[in-house]
Amino acid sequence: MIERTVKRLPAENGRSGWEAISKRAFPVRSLEGNVNADWLIVGAGFAGLSAARRLTQVRPGDQVVVLDAREVAVSTAGRNSGFMIDVPHNLSSGEYASAGADTARAEMAQNRFAIGFAAEIADEFGMSLETFNRSGKINAAATERGLKLNESFGKSLKANNEPHRYLDAAEMRELAGTSYYIGGLFTPGAVTIQPADYIRGLAGGLSSRVDIFENSPVTSLRRENGNWTAITPRGTVTAPKVILGVNGHIEDFGHYERRLMHIFAYASMTAPFPADGLGRRASGQDRWALLPADSMGATVRKFTTDGQARIAIRTKYTYETTITASPSRMEKMARAHLRSFEARFPGLSGVPFENTWSGRLCLSLNHVPAFGEIDEGLYSACCENGLGTVKSTLAGIMVVNLATGVNSPQLAEFMDNPLPSKLPPEPLAWIGINSVIRYQELRAGREG
């Protein structure tokens, strides 16, 4: 018999603004008692729920159970910036497109495959444009260095015959109502989502075919007689095959230890303000989505519903060895967000933040996933390397293909990776990684 106790359970700082304004259309169910299934998926995020949907396609008669430690969209999946990006987006490098042309083309093909899968989900479950929007994205530049980064990115896109368009300062001002930005680079293939609504829409759409149990954390995982049994506080699930879609928490299950970086990303969302009048003059069009030209800058999104607008801003990162950030850290980040917000939108200086939160990214030093069969009948679809909406969706599809023997070119490419590299020992890793982050944030300057 093999048994592993889960070291730490998920926890969060603050309530995500996306989750706070999201509405769910299906009841919360928690696991009570003992259940037998064909498949167990741990984690109801992008990887886990994408795997569940893929199983309904390739194994429609199998019983699938999904367990999540919290309610759907409360944890990491409902805490990101809501971009599904098709073009290269390497957060560990100074430039998004840092790899060669062949690698970039392969990455774009994978990203678009995942976005296509998500688009089918949005169509099948009737998601609105507010939830899933093929809007494209703009890399916004606030400095001369940002303009040069956009120019370099544009050259790499041109080399791959990828459509793109540069925006000047006047166009950026017309879009976002601010003179803060001096240029932009538009690419048409990205999708913007309301992440909490998307995840809840996917879970709700699957709930008639898949058993989803929330507030049911796995505290240990045991293998005996060819089956795995997950133990939760009020029940168990036994299945021959288990998929772990828990991102960085895979380490807490005893796998990939000292190989994954847990990067905290911090975000805030304003209270609603009138979309017309001063609100429009101060923040431009009803809906836009800006990524920073420098990857360590600020991601900013505006959206409007029923005549009320909100702006969400994500900037600042830290590497932590703990599950949550300290209250003082959260207060510091909220102040930094306010400075960044007021610098961009001085006409909205009286609009308060309604939510400030953090979410954990999982990165590896060599920018590869934690993916594959890690024990007999136990599969990992983890470590999204900073692009969780797309990479985790892709990992969820690919892990099912791997576990069911469905071969594809995408799976062969996804499997063609080494293990994540080992991290230096602590506290050297903490000092080194946070020093690099701080240097990159200082270099980003006004982009942050």
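Is glutamate 426 buried, partly exposed or exposed? At 33% relative accessibility, glutamate 426 counts as partly exposed. The legends below describe close-up views of a predicted model.

**View 1. A salt bridge joins arginine 258 and glutamate 426.** The closest N and O atoms of this pair are 3.4 Å apart. Arginine 258 lies in the loop between strand 15 (241-244) and strand 16 (261-270), while glutamate 426 lies in the loop between helix 10 (409-415) and helix 11 (428-444), so the salt bridge ties together parts that are 168 residues apart in sequence. Arginine 258 is partly exposed, with a relative accessibility of 33%. Glutamate 426 also takes part in a cis peptide bond, which joins this residue to proline 427 with an omega of about 5 degrees. Proline 427 is found in the loop between helix 10 and helix 11. For context, most peptide bonds are trans.

**View 2. Glutamate 376 and arginine 223 meet in a salt bridge through their side chains.** The N to O distance is 3.1 Å. Glutamate 376 belongs to the loop between strand 22 (370-375) and strand 23 (378-382), and arginine 223 belongs to strand 12 (residues 220-224); the pair therefore ties together parts that are 153 residues apart in sequence. Glutamate 376 is exposed, with a relative accessible area of 52%, whereas arginine 223 is buried at 17% relative accessibility. Side chains of opposite charge can pair when their charged atoms come close.

**View 3. Aspartate 286 forms a salt bridge with arginine 280.** The closest N and O atoms of the two residues are 2.9 Å apart. Aspartate 286 is partly exposed, with a relative accessible area of 29%. Arginine 280 is likewise partly exposed, at 34% relative accessibility. Elsewhere, Arg53, Glu120, Glu124 and Arg209 are joined into one network by salt bridges that share partners. The count for the model comes to 27 salt bridges.

**View 4. Cysteine 362 and cysteine 383 are not joined by a disulfide.** A search of the whole structure finds zero disulfides. For cysteine 362, the nearest cysteine sulfur is that of cysteine 383, at a distance of 3.5 Å. Cysteine 383, in turn, has the sulfur of cysteine 362 as its nearest cysteine sulfur. Why does this pair not count as a disulfide? The sulfur atoms would have to lie within 2.5 Å, and they are 3.5 Å apart, so the pair does not meet the cut-off. Cysteine 362 is buried, with a relative accessible area of 1%, and cysteine 383 is buried at 4% relative accessibility.

**View 5. Helix 5 (residues 169-176) has Met172, Leu175 and Ala176 as buried residues.** Which side of the helix do they take? These residues cover an arc of only 75 degrees around the axis, which puts them on the same side of helix 5. The buried residues of helix 5 pack against strand 7 (137-141), strand 8 (165-168), strand 9 (183-187), helix 7 (278-283) and strand 18 (288-292). At the start of helix 5, a side-chain oxygen of aspartate 168 comes to within 3.2 Å of the backbone nitrogen of alanine 170. Glycine 177 follows helix 5 and has a positive phi, near 70 degrees.

**View 6. Serine 340 is placed in helix 8 (residues 327-344).** This serine is buried, with 7% relative accessibility. A polar atom of the serine 340 side chain lies 3.2 Å from the backbone oxygen of glycine 448. When neighbours within four places in sequence are left aside, serine 340 is in contact with Ala298, Ile313 and Gly448.

**View 7. Asparagine 161 has a positive phi, near 55 degrees.** Asparagine 161 is found in the loop between helix 4 (144-159) and strand 8. With a relative accessible area of 72%, this asparagine is exposed. Most residues other than glycine have a negative phi.

**View 8. Histidine 367 has a positive phi, near 60 degrees.** The residue is found in the loop between strand 21 (353-363) and strand 22. At 29% relative accessibility, histidine 367 counts as partly exposed.

Notes. Residues numbered from 1 in each chain as written. Predicted model: local features only at pLDDT ≥ 70, side-chain atom pairs only at ≥ 80, totals over all residues. Heavy atoms only, no water. Buried < 20%, exposed > 50% of the residue type's maximum accessible area, 1.4 Å probe, protein only. Salt bridge = Lys/Arg side-chain N within 4 Å of Asp/Glu carboxyl O. Helix = DSSP H or I, 4+ residues; strand = E, 2+ residues; numbered from the N terminus. Arc of directions from axis to C-beta. Contact = heavy atoms within 4.5 Å. Polar contact = N/O pair within 3.5 Å; in protein donor to acceptor, adjacent residues only side chain to side chain.
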